[in-house]
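Student: Could you walk me through this structure? I'd like to go over how its helices pack, and then look at some individual residues.

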Amino acid sequence: MVTRLTTARLRRGHWLGVLAGLAILLVAGATLMMAGAGPAYRGGLISLGEAFNLLRNGVYVAVAAVAVSIVTLLLSMLTHRSRPALIATLVIVAAAALFYMPWQYWQRAQQVPAIHDITTDTQNPPAFEALAEARQAAPNAVAYPGDATAQQQRAAYPHIKPLVVDKPLQVVLAAAQAEAEETGWRIARITDHQIEATATTRWFGFEDDVVIRLTELDNGMQVDMRSASRLGASDVGTNAARIEAYLKALEARLK
């Protein structure tokens, strides 16, 4: 009788170990799929559609990891086994961390309009000249989208305004160039009153084009900026955040 009980316990322990190991494999696979989607696309190994499919499938695998972990946790509690329960708990925590990234992206997408071209001057946006050819080869247009985009921008990002500083042209231009280079943008052209550059997002490597225009005023210099994505109907707030961060950094640099 004692031998039978011992054998049954060993079998239960074996299957709990198998379930815990499966949960680990699933969450590890989900991590590789979701974390690797961006770099794989950026490196040209897969298409954008395949990258998004990899992300989606990674979410499904993470869900499976949670399901297996819950079963493992319940059985561990019934059989009073702490190690499988600990493993299951850690897998659930890891899966929750994985879910946070797409959930946060989805949340941001719901809160901002589906636009991809942001500027401090919606009436007379800085124009792409040196980057016009590169943008013509991309899905999104070279020209500013127009009043509909301007209205949506003003409603969603009322804080996106020109920067006015009491500094001479050459000082502002030098600071603007230095800030763009420090940010890691790829400079396309610099003229007396304008800088054109390309910013590359870290994860997927999406290219967004930037124009910084300097206009002389009676009381100083006005810095206008435009940031536009080459790909995608919505930038999920990326271009507005880029403009805001750049102008704040430029203002601090000039002070």
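Tutor: Gladly, and keep in mind that this is a predicted model. A good place to begin is helix α2 (residues 48-79), which packs with helix α3 (residues 82-111) at an angle of about 155°, the two axes being 8 Å apart.

Student: How are α2 and α3 oriented to each other, then?

Tutor: Angles over 145 degrees count as roughly antiparallel, so that is the description that applies to α2 and α3. As for the handedness, α2 passes α3 in a left-handed crossing.

Student: And which residues of α2 and α3 meet?

Tutor: On the α2 side they are Leu55, Val59, Ala62, Val63, Ala65, Val66, Ser69, Ile70, Thr72, Leu73 and Ser76, and on the α3 side Pro84, Ala85, Ala88, Thr89, Val91, Ile92, Ala95, Leu98, Phe99, Met101 and Pro102. Sorted by class, this contact of α2 with α3 has 18 nonpolar and four polar residues, with no charged residues.

Student: Ser76 is on that list. Is it buried or exposed?

Tutor: Ser76, which sits in helix α2, has a relative accessible area of 1% and is therefore buried. Leaving out residues up to four places away in sequence, Ser76 touches Arg81, Pro84 and Ala85, and also Leu16.

Student: What about the loop between α2 and α3, where His80 lies? What is its phi?

Tutor: His80 has a positive phi of about 60°, although it is not a glycine. His80 lies in the loop between α2 and α3, and with a relative accessible area of 74% this residue is exposed.

Student: Which other residue has a positive phi without being a glycine?

Tutor: Val236 is one of them, with a positive phi of about 55°. Val236 lies in the loop between β6 (220-229) and α7, and its relative accessibility of 6% means that it counts as buried.

Student: Since α7 came up, how does it pack with α6?

Tutor: Helix α6 (residues 169-183) and helix α7 (residues 238-254) pack at an angle of about 130°, with 10 Å between their axes. At that angle α6 and α7 are oblique to each other, and α6 passes α7 in a right-handed crossing.

Student: Which residues make that contact?

Tutor: From α6 there are Val171, Val172, Ala175, Ala176, Ala178, Glu179, Ala180 and Glu182, and from α7 there are Tyr246, Ala249, Leu250, Arg253 and Leu254. By class, the contact of α6 with α7 has 10 nonpolar and three charged residues, and no polar ones.

Student: What does Gln177 in α6 touch?

Tutor: Gln177 lies in helix α6 and, once its neighbours within four places in sequence are set aside, is in contact with Ile190 and Ile195. With a relative accessible area of 26%, Gln177 is partly exposed. To place it further, Gln177 and Val210 are 33 residues apart in sequence, and their C-alpha atoms are 12 Å apart in space.

Student: Changing topic, where is His193?

Tutor: His193 is found in the loop between β3 (186-190) and β4 (194-200), and at 32% relative accessibility it counts as partly exposed.

Student: And what is His193 in contact with?

Tutor: Apart from neighbours within four places in sequence, His193 is in contact with Leu169, Ile212, Arg213, Leu214 and Glu216. The side chains of His193 and Glu216 are also joined by a polar contact of 3.3 Å. Ala240, by comparison, is 47 residues from His193 along the chain, and the C-alpha atoms of these two residues are separated by 22 Å.

Student: What about Arg135, buried or exposed?

Tutor: Arg135 has a relative accessibility of 1%, so it counts as buried. Arg135 is found in helix α4 (residues 132-136), where, not counting residues up to four places away in sequence, it touches Phe128, Asn140, Ala141, Val142, Asp209, Ala228, Ser229 and Arg230.

Student: Last one: where does Leu45 sit?

Tutor: Leu45 is in the loop between α1 (2-42) and α2, and with a relative accessible area of 70% it is exposed. Leu45 and Pro139 are 94 residues apart along the chain, with a separation of 20 Å between their C-alpha atoms.

How values were computed:
Residues are numbered from 1 along each chain as its sequence is written. This is a predicted model: local features need pLDDT of at least 70, side-chain atom pairs count only at pLDDT 80 or more; totals for chains, interfaces and linings use all residues. Side-chain values use heavy atoms; hydrogens and water are left out. Helices (H or I, at least four residues) and strands (E, at least two) are DSSP runs, numbered from the N terminus. Buried means under 20% relative accessible area, exposed over 50%, partly exposed in between (1.4 Å probe, protein chains only). Contact means heavy atoms within 4.5 Å. Axes are lines fitted to C-alpha atoms, for helices over the stretch in contact, and angles run from 0 to 180 degrees between N-to-C directions. Angles under 35 degrees count as roughly parallel, over 145 as roughly antiparallel, 65 to 115 as roughly perpendicular and the rest as oblique. A crossing is left-handed if the near helix is turned anticlockwise from the far one by less than a right angle, and right-handed if clockwise. Ala, Val, Leu, Ile, Met, Phe, Trp, Tyr, Cys and Pro count as nonpolar, Asp, Glu, Lys and Arg as charged, and the others, Gly among them, as polar. A polar contact is a pair of N or O atoms within 3.5 Å; within protein, one must be able to donate a hydrogen and the other to accept it, and residues adjacent in sequence count only if both atoms are side-chain atoms.
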